[in-house]
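Please open the model in your viewer and keep the selection panel at hand. The tour goes from whole chains to a single residue.

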Amino acid sequence: MKFFSLKIILPAVLISIIPFISTFSAFAAGHGKIVIGHSACLSGKYAKAGEQAVGGIEACVDWVNNEYGGITLGGKKVPLKYKKYDCESKKESVTSLIGRLITVDKVDVVFAPYSSGLTLRGAPIAESHQMLYMDHGGANNKIFEQGFRYAVQTIGPATSYHKGTLDMVKKIAPDAKKVALAYEDSEFATMVMEGAKNHAEKLGFEIVFERTYPKGTTDLTPLLSAMKAAKPDFVLGGGHFEDGQLFNRQMADLNINVDCLSLIAAATLPAFSDALGHMAEGVMGPSHWEYGVTYSKEAAKEKGKQWIGPSQDEFVSLFKKATGDQKMLPDYHAAEAGAQVLAYVLAVEKTGSTDSDKVRAALGDLEFMSFYGSWDIDDSGLQVGHSMVDVQWQDGKRVIVWPESAQTGKPCYPMPTFDEKKDGKKALP
Amino acid sequence: MSLLRLENVTKRFGGLVAVDRVSLEIKKGEFLGIVGPNGSGKTTLFNVINGVFYPDEGRVFFEETDITRMPPYKRAPLGIARTFQIPRPFASATVRENVAVGAMFGFQAKTINVEQSLEIADKVIERIGLSSHGNKSAGVLTPVEKKLMEIARALAMKPKLLLMDEAMAGMHPGEIDNMVKFLREVAQEEEIAIVAMVEHIMRAVVNMAEKVIVLDYGEKIVDAPTREALSDPRVVDVYLGKGAKEENAEG
Amino acid sequence: MKNRLSPYYPLLPVFVAYFALFLVGRNVEGTWQLVATLLFYCALGQAFNIFLGMTGYVDFGYVAFLGVGTYGMAIAITGLANFPQLGLGIVAIGFVLAIIMATLLSTAVGAVALRLRGAYFAIATIGVNEGFRFLIEGANLWNGSSGMIFTAQLNEILGRDLASRVMTLWADILVLFIGALAAVVTLLYMKSKIGYALTALREDEDAAKVMGINVTKYKITAFITSASFAGTVGAAAWALKTPYVFPPEVFEIHYTIEAIIIVMLGGAGTLLGPLVGALIYGVSKYYLSIFLPGVQLFIFALVIIFVIVTFPEGVVGVIKRKTRNTAIGQYII
Amino acid sequence: MLLEQLSGNLIQGVVLGAVYGMATMGLSLIFGVLKVVNVGHGAFVMVGAFVTLFFFSSLGLNPFIAIPAAFLVGILLGLAFYYAAIKKLLNAPELATLLATFSAGVLLEETVKMIFGSEYRGFNWDVGKVDLIVTALPMSKIFAALGSVAIALLLYVWFKRTRAGSAMRSVVEDSHGARVCGVNVDGVYAMSFALGIGLTVASGVLLTMFIPVGINPYMGGGYTLKAFVIAVLGGLSSPYGAFFGGLVFGLIENTSYTLFAFIPGVEPFSLTRFLSFLILLIILLIRPTGIIKAK
């Protein structure tokens with residue numbers, strides 16, 4: 001009788017084994033090349049950011065192999081390979097795919113997926129295999145308070161997002177006193193808010209309004225009404241793509257005019273201006289990187305920093321080649337992922353090995369500049385070298401207005417009122 | 001001592017009075033027929049007796065205990081069982097399991113385990129003649145088989161009072177005769193009082209019943225020993241009509 | 001004379017499958033994390049089946065129980081991090097806390113929602129996960145929206161090596177045990193009065209009441225059992241495997257959808273169904289993510305509609321029907 | 001100042017509530033007639049939003065023109081879904097229709113994602129605003145609210161004055177009785193389902209006129225829960241109950257925020273959302289027939 005039951009169980013077991021067997025035939029890293037493994041978010045909720053990151057990585061890998069000539073290791077030039085899987089922005093997949101990258105594909109370094117949560121999800125797997133784990137999309141500072149030995153961050157930490165904006169207002173508008181903070185109630189945005197609040201207090205601003213709103217809110221009217229009553233000079237806030245549009249739109253609906261509005265995550269994207277039209281004029285947003293920044297070999301030399309990688313324009317064309325989409329421009333997700341490739345290359349060359357422990361140590365001492373800007377980490381792996389830029393929509397175009405060293409145009413302050421914008425006034429300085 | 005007693009039970013749905021001040025009494029082992037056309041409040045009366053609805057007025061006693069507002073699942077263990085007008089089998093379960101459910105949660109609920117329930121189920125199924133269907137899903141039975149299964153399920157509860165809602169509708173005369181014979185035997189053996197509800201005066205039911213109650217628009221218009229009830233002019237003229245007279249004549 | 005063990009034969013294929021998964025994961029290089037994912041789906045399905053499958057009630061807020069379970073473990077680890085001498089005891093306390101919290105939430109929800117029938121119940125539960133998330137974020141419970149990250153504390157409590165093994169291996173083995181235990185409990189329920197009562201109320205609640213079944217009691221029993229298992233799954237597969245918890249992630253309705261797909265595909269109310277459903281779902285999802293990334297949900301939504309319209313009893317349900325009264329049949333229920 | 005804020009939010013609440021109410025009528029209609037709970041409700045709202053986006057951004061047409069188009073799209077979707085699945089499931093356990101409507105929602109979301117991608121989109125329909133002293137209202141919101149009221153009135157007339165409407169009402173009252181009286185109940189089912197979905201998709205247009213940003217395939221999720229709270233407020237099976245439920249809900253949502261904001265250390269929006277969930281549970285518990293009497 002047992003035999004009969006096996007008849008049913010066996011096929012079931014066999015079917016379930018198939019995916020494991022197929023892993024044998026999988027691509028295996030051998031000698032003579034160095035492999036970056038990446039559990040990318042190509043579908044699911046982080047698909048947009050994931051697509052950008054993959055494009056940025058591919059662009060820089062392309063540059064390393066074809067322009068740079070490969071990684072110098074033991075006197076030889078070794079090509080760099082890139083192996084990625086789609087984790088669908090889901091944590092279950094992240095662990096299984098990172099497990100597979102390390103044990104089956106035997107990659108030399110793992111790039112974390114997008115977002116703090118998914119980055120955290122993969123970290124223990126990398127740690128247990130003593131595998132270098134590079135974070136280009138998890139901005140939560142707490143990741144680096146967990147004692148991970150192999151985690152290294154390229155993206156700037158969340159607490160620094162709005163520092164530049166506050167510095168800017170302080171400098172160009174000494175009269176502005178009252179700031180309103182209204183961020184999304186998420187682990188990332190509240191951390192940005194905390195950083196902004198501390199910095200604002202340090203600079204002597206008066207915080208007249210401080211509220212959050214939950215993820216997925218479809219109507220901010222009550223919050224914005226209360227904010228209007230507080231009469232702020234300028235407003236800092238935001239969280240993700242979705243709420244940024246809503247924030248700006250409903251400020252316009254309620255006719256809340258302030259001198260400066262800076263929204264994280266949303267305001268720097270083309271979709272923001274597409275959706276809002278003239279209402280987006282003059283709105284600002286911090287970004288890790290934006291097309292048009294003025295980081296160059298020469299600038300690096302001035303600061304006495306090592307330079308590596310493509311120039312900004314080279315990066316953009318390599319990115320377009322990698323994605324096969326001529327219309328898509330790289331954003332900061334692409335740039336930080338690309339810069340991470342460059343950091344890895346430099347560290348491997350410096351230590352002359354792909355051993356994770358040695359590369360991690362080399363990364364700790366590394367300090368360099370690329371099209372992405374400066375790169376430097378502290379002992380815990382937290383990124384401390386990179387500073388953000390502030391972007392403003394001026395006449396339907398994105399202009400980098402801060403810091404002064406990277407700016408492509410002067411800021412427009414105060415920005416026009418919503419009624420003026422409706423009548424066609426542009427936010428020009 | 002009466003087994004079941006209703007005192008002036010009234011149940012309304014919105015403006016409609018479904019049961020209107022009905023009183024009745026059944027003794028142990030008695031067979032009562034309740035007759036009334038569609039919409040006369042029979043099913044509502046049953047629902048009041050086994051607790052699906054609570055009456056708006058009046059009281060219900062079982063073995064002299066007031067059960068007017070007792071939930072239905074507490075009444076079954078007292079010994080009240082019922083079948084439905086349209087059979088309601090637990091379709092995905094087997095016939096055996098269906099009947100075992102009756103045993104498990106019926107009068108013996110506190111003392112019986114699953115194994116014993118299944119044994120009782122096997123016995124009852126055999127007795128009612130469904131043995132060959134024991135391991136079939138109840139959902140695939142024919143309507144008549146479903147009725148039989150429901151009766152088996154109710155009997156497995158070891159009830160003191162069995163409420164049967166149109167139990168023999170749709171059966172052939174032969175099947176009805178067998179059923180009647182069977183019910184008589186079981187009722188006598190186990191002292192079960194039966195309340196059978198029928199739309200028409202069926203020969204079989206009437207012959208079996210010691211007493212008949214006739215309902216009309218929720219009101220009890222006749223409550224008498226069978227013979228008397230049948231000859232009551234109110235029943236014949238006002239309510240039963242011509243067809244019934246013919247059927248009656250047959251018997 | 002029937003073998004006394006014969007009622008437990010149906011567990012054999014379940015255990016064989018779990019054991020096979022375990023062997024494959026440990027012996028085939030690089031498959032453990034995939035096995036871990038499959039085990040998570042198995043346990044999730046097996047736990048949900050106790051409620052969805054056995055009662056026929058749809059709880060759209062089911063993921064909330066995994067969420068509070070995750071919080072239970074998180075609270076134990078962060079709260080007791082100052083007592084590292086307790087060691088693994090803290091993890092044990094975490095599981096107890098996970099079960100308690102899942103039980104409390106399920107009792108509260110069940111006491112209200114389970115008085116309601118079918119459609120009304122589903123409506124009442126559709127907001128449980130969201131509602132609870134908003135309570136945590138709104139009232140700033142347990143760090144509110146910032147959540148908790150506690151890898152550091154786990155390292156401190158267990159030591160770096162043990163903590164690492166817990167995160168990458170033992171958490172998954174615990175999930176395996178939870179899944180297997182849920183299967184055992186399912187079978188015990190099926191063979192006891194609870195199982196008969198649940199079948200009856202699933203098929204016809206009014207008739208079941210009239211038969212003497214206290215339907216509310218049995219529904220709540222199944223609900224709480226199912227929820228406690230969910231709590232432990234959350235504690236092991238989420239809190240221990242990845243020591244962090246962010247409210248929007250652990251209350252995401254997506255996991256309820258997955259659990260529903262798994263149970264319906266395999267066969268609601270059958271013992272083997274959730275396991276088969278989990279394997280089919282997990283394996284096909286794995287392939288889809290490689291060959292057709294981004295269309296999994298689309299395909300699974302179609303599959304669900306197809307299954308409901310054409311064979312609502314699921315894969316195992318069909319096999320069970322076909323093999324009833326045969327030698328194989330006694331292994332498949 | 002508090003009074004000013006409260007009265008401002010009250011006005012906003014009424015306008016919002018009218019749109020919410022209209023967005024729930026389809027759900028209640030379907031439940032009333034077929035006793036089917038459309039768990040995929042939000043996804044149909046989302047379809048309406050995309051129809052509007054397409055009309056405005058690609059064709060450059062006024063969002064009002066999108067209303068009949070969305071209604072038509074909804075009717076077709078409703079009919080297709082009814083005949084493909086719902087019809088076969090009417091006698092099955094509730095589990096079946098719940099899962100079917102749920103899956104249909106997922107199916108729609110994924111289809112829209114494949115066609116339009118998952119970005120957050122929006123459009124800028126700026127037709128000026130009215131500055132009330134306590135608050136400001138853009139004309140687009142006022143139009144959305146007026147449109148909602150107009151549709152609710154049209155539906156009312158249709159129910160009272162047409163044969164099809166009265167057939168539908170009779171089925172709501174007593175489907176068995178209606179069948180006996182010669183009403184083509186199956187036809188009524190198909191028609192009601194299609195009409196319900198049509199209304200829901202059309203409500204997506206109004207919601208998008210109200211808030212023209214954040215349009216993406218998964219935007220419906222938030223509306224599903226709200227719709228259920230509103231439907232339950234209105235008694236679940238009456239479209240007019242739903243409309244007034246929407247008004248009540250809009251007021252609760254906008255005023256409770258102002259009050260919760262006084263409690264220190266909390267997130268008032270989240271508590272408002274939690275409150276709506278509590279309301280749902282409490283009403284289901286004490287009065288599943290709804291608290292708003294509407295014929």
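Select chain A and chain B together: in this predicted model no contact joins the two, and their closest C-alpha atoms lie 20 Å apart. If you then switch the selection to chain B and chain D, you will again find no contact between them, although here the closest C-alpha atoms lie 12 Å apart.

Which chains share the most contacts? Of the four pairs of chains in contact, this is the pair of chains A and C, so labelled in the viewer. Select both, and you can pick out 43 residues of chain A that are in contact with 45 residues of chain C. On the chain C side, at least two residues each are supplied by helix 1 (11-27), helix 2 (32-55), helix 6 (128-138), helix 7 (151-158), helix 8 (160-191), helix 12 (247-250) and helix 14 (273-291) of chain C. Coloured by class, the side of chain C that touches chain A shows 28 nonpolar, 14 polar and three charged residues.

Next, hide the other chains and colour chain A by confidence. The average pLDDT of chain A is 87, with 93% of the residues scoring at least 70. Within chain A, the lowest confidence is found in helix 1 (residues 2-22) of chain A, with a mean of 49, while strand 5 (residues 109-111) of chain A has the highest, at 96. Two stretches deserve a selection of their own: residues 1-6 of chain A, where the pLDDT is below 50 and the model has seven contacts beyond near neighbours in sequence, and residues 21-30 of chain A, where the pLDDT is also below 50 and there are 15 such contacts.

Now colour chain A by domain, taking 32-156 + 293-376 as domain 1 and 160-287 + 388-422 as domain 2. The C-alpha centres of domain 1 and domain 2 of chain A are 30 Å apart, and eight residues of domain 1 of chain A are in contact with nine residues of domain 2 of chain A. The side of domain 1 of chain A that touches domain 2 of chain A consists of three nonpolar and five polar residues, with no charged ones.

Finally, select helix 12 (residues 332-351) of chain A. Its 20 residues, at 1.5 Å a residue, should span 28 Å, and the end C-alpha atoms are 28 Å apart, which agrees. Helix 12 of chain A is mostly covered, since 17 of its 20 residues are buried. Step just past the end of helix 12 of chain A to reach A:Gly352, which takes a positive phi of about 70 degrees.

How values were computed: Residues are numbered from 1 along each chain as its sequence is written. Chains are lettered from A and ligands numbered from 1 in the order in which they are written. This is a predicted model: local features need pLDDT of at least 70, side-chain atom pairs count only at pLDDT 80 or more; totals for chains, interfaces and linings use all residues. Helices (H or I, at least four residues) and strands (E, at least two) are DSSP runs, numbered from the N terminus. Ala, Val, Leu, Ile, Met, Phe, Trp, Tyr, Cys and Pro count as nonpolar, Asp, Glu, Lys and Arg as charged, and the others, Gly among them, as polar. pLDDT is the predictor's confidence in each residue, from 0 to 100. Domain bounds come from an automatic or database domain assignment. The expected span of a helix is 1.5 Å times one less than its number of residues. A residue is buried if 20 or more other C-beta atoms lie within 10 Å of its own, exposed if 12 or fewer, and partly exposed in between; C-beta atoms are placed from the backbone.
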